[in-house]
Amino acid sequence: MNERPDENLFKDSLKELTPDDLAPPVKARRKSGKELALWLLWVLLAAALLGVALWSSAQVVRNLLDFSGSNQDYKDIANNYSPFESNKETPKALLLCRDIYAVADYDALIAGNVVYPSEPPLTTPDDPTVPVTPSHSGDDPSSAIVPNDPLTMLRDLTPHDERLTADTLAEWKIKYAAMRKEYGNDDIFGWISMPGTNIEYPLVQGTDNDFYLNHGPKKNSTGYGSIYMDYRNSRTLLSDDLTVIYGHNVRNDGTMFNALLSYLKSNLFQKRQYIYICTADSILKYEVFSCYTADASLCPTGILNYSSTEAFYNRMREIQNASLHQRENLELYGTDRVLMLYTCANSTLSKERCMVFGVLVEMIQG
């Protein structure tokens, strides 16, 4: 009987068998509970890391879109509603003002930290949070009372500036009404303009000092926030001793109140001399008389009206003396109206603030 071909193949395959081929099959080992738990932990960790990466990327994109959109919004509103067209200036030069002072110089920038031998610091119990500067020869307020009493002298606010005309005010009133109508926000009460800088923004005032930190004039959420006045101040800017206006220091594009840091430079402090505030029925002009940085806990935002003319006058003299630079031929009176602009300073010290002070010197109403 002849063998079939497939039988020969079978016989040949038997010749190639090894002992391992004849061993029983090995069953797959089941993973222990500990190994399963560890595997699951790694899966969850990877998923969490992926989620964080995706969330972070989304936030970066969201912030970029937010800042880009907000920047354009503010450019548009300035183009449409700024009372002073000639004031507009790109912020490219302002970025050079970053980190003017090293952190090592921080103590020297806080008013009151410089100690002068045998000269005790001035004290004003009305507001212990305000930075205090030591007195110097000739800085005693009592010496200025004769012959002109700075506690009772009224400043002549008659406008001589060509910007402060009836026509300018009339044009501003039209723009102001149109701006409020377009934005549908009664919190918009005016405009701030600082010649020589890119500060051209609407002014808002909320019911607290928190909302407009991260909301624009349209009440939309934005990292830029708004330029806003302290909720306790009067919108006329004439009823309070001290009016405080806040704004972010947006360093990545030099906008909002970033330009305030340019006043830390002596030449720019002397050059950028004025601040204009437009309200519903007036345009007010302030002359800058002080600029310095200090820890937030030492900033004079706690008291807007002082207990006496003397207390206010002494405090303003202290603030004037605390300035990194001095304005010649500018006297302060106890009857003055003072404006403070307030922002974060460019420093690794997150509590450091930059403040620019101006005194009302001219005004037009109608």
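# Close-up views of the predicted model

**View 1. An aromatic cluster in the predicted model.** Y74, Y201 and Y224 are joined into a cluster by ring pairs. The structure, a predicted model, holds 10 aromatic pairs. Another of the ring pairs is shown in View 7.

**View 2. Confidence along the protein chain.** The protein chain has a mean pLDDT of 77, with 69% of its residues at 70 or more. Among its elements, strand β7 (residues 274–278) has the highest mean pLDDT, 97, and helix α3 (residues 106–109) the lowest, 31. The pLDDT is below 50 over residues 87–146, a stretch that has 119 contacts in the model beyond near neighbours in sequence. Where pLDDT is low, predicted coordinates should not be read in detail.

**View 3. The barrel and its strand order.** A barrel is closed by 8 strands in the order β1-β2-β3-β4-β9-β10-β8-β7, with mixed pairing. On average, neighbouring strands of this sheet are turned by 30 degrees against each other, direction ignored. Strands of a sheet pair through backbone hydrogen bonds, in either the parallel or the antiparallel sense. Views 4 to 6 show individual pairings within the barrel.

**View 4. The β1–β2 hairpin.** Strand β1 (residues 188–193) pairs with β2 in the antiparallel sense over 5 bridges. Within this pairing, G190 stands opposite L203 in β2. The two strands form a hairpin with 6 residues between them, and G196 in the turn has a positive phi of about 90 degrees. β1 is mostly covered, as 6 of its 6 residues are buried.

**View 5. Strand β7 and its two partners, β1 and β8.** How many bridges join β1 and β7? These strands pair in the antiparallel sense over 3 bridges. I277 in β7 is the bridge partner of I192, and Y276 in β7 stands opposite S193. With strand β8 (residues 282–295), β7 pairs in the antiparallel sense over 5 bridges. Here Y276 stands opposite K285 in β8. Y276 is thus named in both pairings, facing S193 and K285. β7 and β8 form a hairpin with 3 residues between them. Of the 5 residues of β7, 4 are buried, and the strand is mostly covered. K285 also lies over the face of Y274, at 3.9 Å from the ring centre.

**View 6. Strand β10 between β8 and β9.** In the barrel order, β10 stands between β9 and β8. β8 and β10 pair in the antiparallel sense over 13 bridges, with Y286 opposite L360 in β10. Strand β9 (residues 338–344) runs antiparallel to β10 and is joined to it by 7 bridges. In that pairing, L339 has G358 in β10 as its bridge partner. Strand β10 (residues 352–365) is mostly covered, with 13 of its 14 residues buried. In a regular strand, side chains alternate between the two faces of the sheet.

**View 7. The Y306–F312 ring pair.** Is this pair stacked, edge-to-face or tilted? The ring centres of Y306 and F312 are 5.5 Å apart and the planes lie at 50 degrees, so the pair is tilted. Y306 counts as buried because its relative accessibility is 9%, and F312 counts as buried because its relative accessibility is 1%. F312 falls within the residue range of helix α6 (residues 309–322), the helix shown in View 8.

**View 8. Two helices lying across barrel strands.** Helix α4 (residues 166–183) lies across β1, β2 (200–204), β7, β8 and β10, and runs at about 125 degrees to β1. Helix α6 (residues 309–322) lies across β4 (242–246), β8, β9 and β10, and runs at about 65 degrees to β8. Both lists of strands include β8 and β10.

**View 9. A charged side chain over a ring.** Which residue has its charged end over the ring of F269? The charged end of R327 sits there, 4.5 Å from the ring centre.

Key: Residues are numbered from 1 along each chain as its sequence is written. This is a predicted model: local features need pLDDT of at least 70, side-chain atom pairs count only at pLDDT 80 or more; totals for chains, interfaces and linings use all residues. Side-chain values use heavy atoms; hydrogens and water are left out. pLDDT is the predictor's confidence in each residue, from 0 to 100. Contact means heavy atoms within 4.5 Å. Rings of Phe, Tyr and Trp (its six-membered ring) pair if their centres lie within 6.5 Å; planes under 30 degrees apart count as stacked, over 60 as edge-to-face and the rest as tilted. Buried means under 20% relative accessible area, exposed over 50%, partly exposed in between (1.4 Å probe, protein chains only). A charge sits over a ring if NZ of Lys or CZ of Arg is within 6 Å of the ring centre and within 35 degrees of the ring normal. Two strands pair if DSSP finds at least two bridges between them. Axes are lines fitted to C-alpha atoms, for helices over the stretch in contact, and angles run from 0 to 180 degrees between N-to-C directions.
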